[in-house]
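Student: I would like to learn how to read a structure feature by feature. Could you walk me through one?

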Amino acid sequence: MGKSFDFHTSLVLQQWILLNELLRGAADDLVLNGTGLDIPHVVYIARYAGNVSIDPASYESINQSQAAIAKSLSKGDVIYGVNTGFGGSADIRANDVLALQRVLTRELSYGVLPPGARDPRPPSDRQKSAYQAFDLSLEHAAESQHLPLPWVRAAVLLRLNSLVKGHSGVRPVIVDRLRDLLVKNIIPMVPMRGSISASGDLSPIAYISGVLQGKPTIRVFRPGIGRDVYADEALAEAGVAPISLTAKEGLAIVNGTAMSAACATLVLHDTHQLAMLSQILTAMTVEALLGSPESFDPFFAEVRPHPGQIESSRNIRVFLRGSRLALQKDGKDGSLRQDRYSIRTAAQWIGPVLEDLLLAHQQISIECNSATDNPLVNGDGQFLHGGNFQAKAVTSSMEKSRQAIQAIGRMLFTQCQEMINPATSWGLPPNLVADEPSQSGIFKAIDIYISALTSELGFLAGPVNHVYNAELGNQSLNSLALISGRYTATAVRVLTELVAAHLLSACQALDLRAMQLQFLDGVKTEFFARVVSMVEKQSPNTTDASKNLPATLWAHLQKGLEQTVSMDSIDRFPHIVKTMRVPILDCLPFQNVVLQEMQSFIDQLGPWLHEAWCTNREAYLVHGDASPVLGDGSKKMYHFVRKTLGVPMLCTKRILTPTAEAMAAGQVEEAPTVGGYTSLIYRAIQRGEFLPVIQELLEECLAKEELER
């Protein structure tokens, strides 16, 4: 197991560095001894089919625990699951200890899988139903009936790591064969449902046991070959001999938390990425909403020193370094002195989430290196009967993770809505449109989309605690860890969609800010010159007020842009300019005001600003880049989305539906939609393409001593 960490950021960075080293071949191959397995190792084996071996020193304890069985049986000892029945039938005494182990595997294969070539079939002469049958399986994917391949690979690895500890009474051939399954990728198809994770994950792991025995009833994953392949065929093709189970071995294999812990390990790895992205997205939202870095001042965490708050405020603060958008507020212009909750309290909201994920990580790391079957053999060869199979630690980690996911989603949802809504966005156009507001509402659909996603996360966040007893009342406490893990995996996918939508929206908002700054930079000199010219025509003898008129009208223009975001530009700029009459009259001596000159100034200024706005907008849509005004965190994420993924600033012409004729003639290859661009970001997150970007950002922004905390 890896060392403990004070901060989530340090942990995540260490985990990603280790995974990257494994993938590049810069780290040693994984050698299992029952104690040194870390979450990146599991990811490496499960998702990337990395190499794994067994520490030769482990075989001594394996042999000793196996010899203890023979010794105990020769003395007539009663050992649960060796010469007794199982669970609620433990009062039955078994004479054929070998047959008992085979029965266990056979009878635990009870889940529903997609139709297979060797499945039982109804009689061919059966009477047909009077109604027209419809196959409901057409309404859901076959994958919804079995666990994902990487989860099962991870379960094989965790079961192997548990058994090499030498407390389970299995022969060396069992651990060798489990390794063979990983190396040769002979992985069973395991039903999605059916485990209550009380006496471990009995049924799911029984399918792994069935493969070891070469059972013709157990199907294995063989995608792309066009036919079903079963364990007997797969072992024969790979040149691997099936095994016959001896005393305790069937129980030792199936009686453990490997499947739920495997699911939890991979889900937690993915959740860590989303937690890091949530902090970067928060920084991007602060800039998009022209928020203040004051909310993340170290003082707040000093007087309320929760570790997660200290960490998240520090991270967001450094992500904002160099920003031209996130500036201190003073409230003197009549606006809010402080930001809204979604960004002002983000560090206090994210902080507990990071602390929960740290604890969840610790729980899963311990579980990955634990002996979880029953009974266990201690170092003196004594059989101890207990309950290490109870997977409540896994459930606890997944419940915390799912609550964390819901909390992150709730925050990102509010932040994203406040960017889209002109009532809360501090001057962004409604629905983040780059076009005229009357002609487009591109991100209105995103607003609805994230509402649906957040609602689903709220439903998924509920605790999984609904079964009271099972198996003749024997399994009266049920952790439901695998069910909890499965729903946490679903929550991860939902939150990933929400993160993708938020990132698309944030980049759009930042572009809109940069586009307006570019417009203002482009017209400022000419604007001031026009005002000065008007003042000189009005009043040869300048006063302090008239000298300040250019700056006064410039501030008025900026405020007017914020207040008129819902107007089309052709009406917007004449409206803003007309409201300049009052400050002009306030600044110029009344007796010197020539109304005709003032009206001429107004009549010319409005169309000129409108033309400049439209010209600037067209140029920005082609060549615009918000990077120069962004903080360190936003800049790196924005560049990845815009340049690496090729997701552009969205406007109507970029999502126009191409004609069928143009597609057929090959004139157009892509038919982009808002959903298509969201999906592009979503898939990049799922593939881990953001990990190097985040890692590089953390290493650049945080001092070495901060990362090593």
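Tutor: Gladly; we will go from domains and cores to aromatic pairs, backbone details and single residues. Keep in mind that this is a predicted model.

Student: Let us begin with the domains. Which domains does the assignment give for the chain?

Tutor: The assignment gives domain 1 (33–115 + 144–255) and domain 2 (516–623). Taken over C-alpha atoms, the centres of domain 1 and domain 2 are separated by 77 Å.

Student: And how should I think about a nonpolar core? How many residues does the largest one have?

Tutor: The general idea first: in soluble globular proteins, nonpolar side chains tend to be buried together. Here the largest nonpolar core has 205 residues, and Ile681 and Phe690 are those with the most contacts inside it. Helix α17 gives the most to this core, with 27 residues. Domain 1 (33–115 + 144–255) and domain 2 (516–623) both give residues to the core, so it lies between them.

Student: Where does another core lie, together with the large one or apart from it?

Tutor: Another core, of 8 residues, lies apart from it; among its residues are Ala68, Ile69, Val82 and Ala247.

Student: Back to Ile681, then. Which residues does Ile681 touch, not counting those up to four places away in sequence?

Tutor: With those left out, Ile681 touches Ala500, Leu503, Leu504, Val641, Leu645, Val647 and Phe690. Phe690 therefore appears twice in our reading: as a contact of Ile681, and beside Ile681 among the residues with the most contacts inside the largest core.

Student: Now the aromatic rings. How many aromatic pairs does a search of the whole structure find?

Tutor: The search finds 8 aromatic pairs. To read one, look at the distance between ring centres and the angle between planes: under 30 degrees counts as stacked, over 60 as edge-to-face and the rest as tilted. The rings of Phe519 and Phe573 have centres 5.8 Å apart and planes at 55°, so this pair is tilted. The pair links distant parts of the chain, with Phe519 in helix α17 (residues 481–538) and Phe573 in helix α20 (residues 569–578), 54 residues apart.

Student: Are Phe519 and Phe573 buried or exposed? And which residues form one aromatic cluster with them?

Tutor: Phe519 and Phe573 are both buried. Together with Trp613 they form one aromatic cluster. Trp613 also has a charge over its ring: the charged end of Arg572 sits there, 5.2 Å from the ring centre.

Student: Which residue lies over the face of Trp608?

Tutor: That is Arg530, at 4.5 Å from the ring centre of Trp608.

Student: Let us turn to the backbone. Which residues does a cis peptide bond join?

Tutor: The value to check is omega. A cis peptide bond joins Asn374 and Pro375, with omega of about -5°. Pro375 is found in the loop between α14 (346–367) and β5 (376–377).

Student: What about phi? What is the phi of Ser197, and what is that of Leu480?

Tutor: Ser197 has a positive phi of about 50° although it is not a glycine, and Leu480, also not a glycine, has a positive phi of about 55°. Ser197 lies in the loop between α6 (172–183) and α7 (202–212), while Leu480 is found in the loop between α16 (444–460) and α17.

Student: Why do Ser197 and Leu480 count as buried?

Tutor: The cut-off for buried is under 20% relative accessible area. Ser197 counts as buried because its relative accessible area is 0%; Leu480 counts as buried because its value is 2%.

Student: Could we end with polar contacts? What does the side chain of Thr265 reach?

Tutor: The side chain of Thr265 reaches the backbone oxygen of Ala261 at 2.6 Å. Thr265 has its place in helix α10 and is buried, with a relative accessible area of 0%. Not counting residues up to four places away in sequence, Thr265 touches Ile39, Val42, Leu158, Ile364 and Cys368.

Student: And with which side chain does Glu294 make a polar contact?

Tutor: The side chain of Glu294 makes a polar contact with that of Gln328 (3.0 Å). Glu294 sits in the loop between α10 (258–288) and α11 (298–303), and at 27% relative accessibility it counts as partly exposed.

How values were computed. Residues numbered from 1 in each chain as written. Predicted model: local features only at pLDDT ≥ 70, side-chain atom pairs only at ≥ 80, totals over all residues. Heavy atoms only, no water. Helix = DSSP H or I, 4+ residues; strand = E, 2+ residues; numbered from the N terminus. Buried < 20%, exposed > 50% of the residue type's maximum accessible area, 1.4 Å probe, protein only. Polar contact = N/O pair within 3.5 Å; in protein donor to acceptor, adjacent residues only side chain to side chain. Phe/Tyr/Trp six-rings, centres within 6.5 Å; stacked < 30°, edge-to-face > 60°. Lys NZ or Arg CZ within 6 Å of the ring centre and 35° of its normal. Domains from an automatic or database assignment. Core = buried A, V, L, I, M, F, W, Y, C linked by side-chain atoms within 4.5 Å. Contact = heavy atoms within 4.5 Å.
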